[in-house]
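Reader: I have a structure to study for my course, and I would like to go through it with you. May I show it first and then ask my questions?

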Amino acid sequence: MKVIFIHPHGSNFMPGVQDITTIFNIMPPLGIMSIAAWLERHGIEVEIIDCYATPLGVNDLADEVIRRRPDAVGFSTTTSAFREGYRIASAIKERDARIVTVFGGAHPCTMGAPLLDDFPAIDYLVIGEGEQTMLELAQAGFKGVESLPGIAFRRDGKGVLTSQRDLIADLDDLPFPAYHLLPGFPERYTLPLFSFPTAPNTSIISSRGCPYACSYCDRSVFSRGFRFNSPEYIVEHVAMLNRDYGIRHVFFYDDLFTFDRTRVAEFCDLKAKRGLKVTYNCIARLEHVDEELLALLKRSGCWQVNFGIESGDPEVLKKHRKFYGLDEVGKKLQMVKKAGMRVKGLFMIGLPGEDEAAIRRTIDYALSLPLEEINVTKFTPFPGAPIYKTIREQGEFDENWELMNCMNFVFVPAGMTKEQLERLYNEFIRRFYHRTRIHWGYTKMLWKSPHSILVFLRHLPEILAFERKQKW
């Protein structure tokens, strides 16, 4: 049995603009890598083709798959990458119909069995966590799957679901992701420019699920529970990356790295005792932050903390997430800076209920905060998010899956226009980054993140070409 996993790139930029993300921000496909490692542990031959790090056209990719002669090909797809994944699957089937195609990831998990009715080149869907389901599929030779939980298949030509699969109770039972299956790792992979002090670097996910219920978040794969690796497992994971690949900085890409305070404290203590010279970034919620926790993070090598702030309009926030007083946000962020770490704010534009005044309040609010960096996404109503059910009642929605990547305004709130949103988005970016304080901050990064400067200079022509097309 041989399985190839493909991570399709999809349409992850803006139409008509060169995609520079594959130069400055490529993180390993950790979901696929975890499933691959689980299959390897059980004696199944596995390969990974990551289209982010190794871009190939559909036909070239299909030819490469046929050359490798797999029994099955697994695809992990977001909404924006699904159709590209399907084009690849169709091309593979045209060349060899005996190869089994299996789709998993956020989009298939959300859409479920009906997806099979419209996309005949897909044989099976894995619904939910993929490790054990994919293993049992492979062990069954991809036949007689009706008794296997967590699968969508065809019965009499129509997509149907088997029973729901239980979530993995102890994530420590899983091996570390199969980094060794990524050609060019770690050199070909990098965190976003200026978001790390040194290289090589990579990302880790040490927990699954989220107990919160933000309107815009899709929890279709891991649900709303919260499970996590133990501090001992995380430290061993970091140690392995440092020992085997020379990794010097990691990004904990968990939604809620700081949710379980005891876990974080034990991790910080163990990491310090091991003397691991690996720095890290993490994502935190403001309500979890206090001076004691920040001191722990700093002592254990935390370099930057990211916070999902989303909006500077209290009424908008109350509609879409657990509300946290805006007056307190600045105080919390200042605590992070005082503790000696960088702060990045995550914002969203175009939420249902927003108007121009609300967005301007967000822009002004962001400029008032002690942030070194921001990331502003364009609100996208994903099918698995709670807001999706009523989204068409709240504005105009162009459900073009390939544009649903948080970089295109596929939704326009009632009373607004797409042109307004684009203008405000560009104004947000321009006003934040065209400030002396921010310029000086990046100047200081010359010695704080020398690798970023080298990459920046090496790809300066692409950056200038991209900038010329923008309307900052």
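Reader: To begin with one residue, is Lys344 buried or exposed?

Author: This is a predicted model. In the model, Lys344 is buried, with a relative accessible area of 10%. Residues under 20% relative accessible area are called buried, which is why Lys344 receives that label.

Reader: With which residue does Lys344 form a salt bridge?

Author: The partner of Lys344 is Glu373, and the closest N and O atoms are 3.6 Å apart. Lys344 belongs to strand 14 and Glu373 to strand 15, so the pair ties together parts that are 29 residues apart in sequence. Glu373 is also buried, at a relative accessible area of 7%.

Reader: Let us turn to the strands. In what order do the six strands of the open sheet come?

Author: The order is 8-11-12-13-14-15, and the pairing is parallel. Strand 8 (201-204) and strand 15 (373-378) stand at the edges. Each of these two has a single partner strand, so one side of each is left without a neighbour in the sheet. From one strand to the next, the twist averages 20°.

Reader: Which helix packs on the sheet and touches strand 8?

Author: That is helix 8, made of residues 231-245, which touches strand 11 (249-252) as well as strand 8. The direction of helix 8 makes about 155° with that of strand 8.

Reader: And strand 13? How many of its residues are buried?

Author: Nine of the nine residues of strand 13 are buried, so the strand is largely enclosed by the rest of the structure.

Reader: How many bridges join strand 13 to strand 14?

Author: Six bridges join strand 13, residues 302-310, to strand 14, residues 342-349, and the two run parallel. Val305, for instance, has Val343 in strand 14 as its bridge partner. Strand 13 also pairs with strand 12 (residues 279-284), again in the parallel sense, over five bridges. There, Ile283 has Asn306 in strand 13 as its bridge partner.

Reader: Which helix joins strand 12 and strand 13 in a β-α-β unit?

Author: It is helix 10, residues 291-299, and the β-α-β unit that it makes with strand 12 and strand 13 is right-handed.

Reader: I would like to return to salt bridges. How many are there?

Author: The count comes to 33 salt bridges. One of them links Lys2 and Glu45, with the closest N and O atoms 4.0 Å apart. Lys2 lies in strand 1 (residues 2-7) and Glu45 in strand 2 (residues 45-50), so this pair ties together parts that are 43 residues apart in sequence.

Reader: How accessible are those two, starting with Lys2?

Author: Lys2 is buried, with a relative accessible area of 11%. Glu45 counts as partly exposed, at 42% relative accessibility.

Reader: What about Arg68: which residue is its salt-bridge partner?

Author: Arg68 forms a salt bridge with Glu64, and the closest N and O atoms are 2.8 Å apart. Both residues lie in helix 3 (residues 58-68), four residues apart, about one turn of the helix. Arg68 counts as partly exposed at 23% relative accessibility.

Reader: Which residues do salt bridges with shared partners join into one network?

Author: The network joins Lys2, Glu45, Glu47, Glu64, Arg67 and Arg68.

How values were computed: Residues numbered from 1 in each chain as written. Predicted model: local features only at pLDDT ≥ 70, side-chain atom pairs only at ≥ 80, totals over all residues. Heavy atoms only, no water. Pairing = 2+ DSSP bridges. Axes fitted to C-alpha atoms, helices over the stretch in contact; angles between N-to-C directions. Contact = heavy atoms within 4.5 Å. Buried < 20%, exposed > 50% of the residue type's maximum accessible area, 1.4 Å probe, protein only. Right-handed = clockwise from strand over helix to strand, strands pointing away. Salt bridge = Lys/Arg side-chain N within 4 Å of Asp/Glu carboxyl O.
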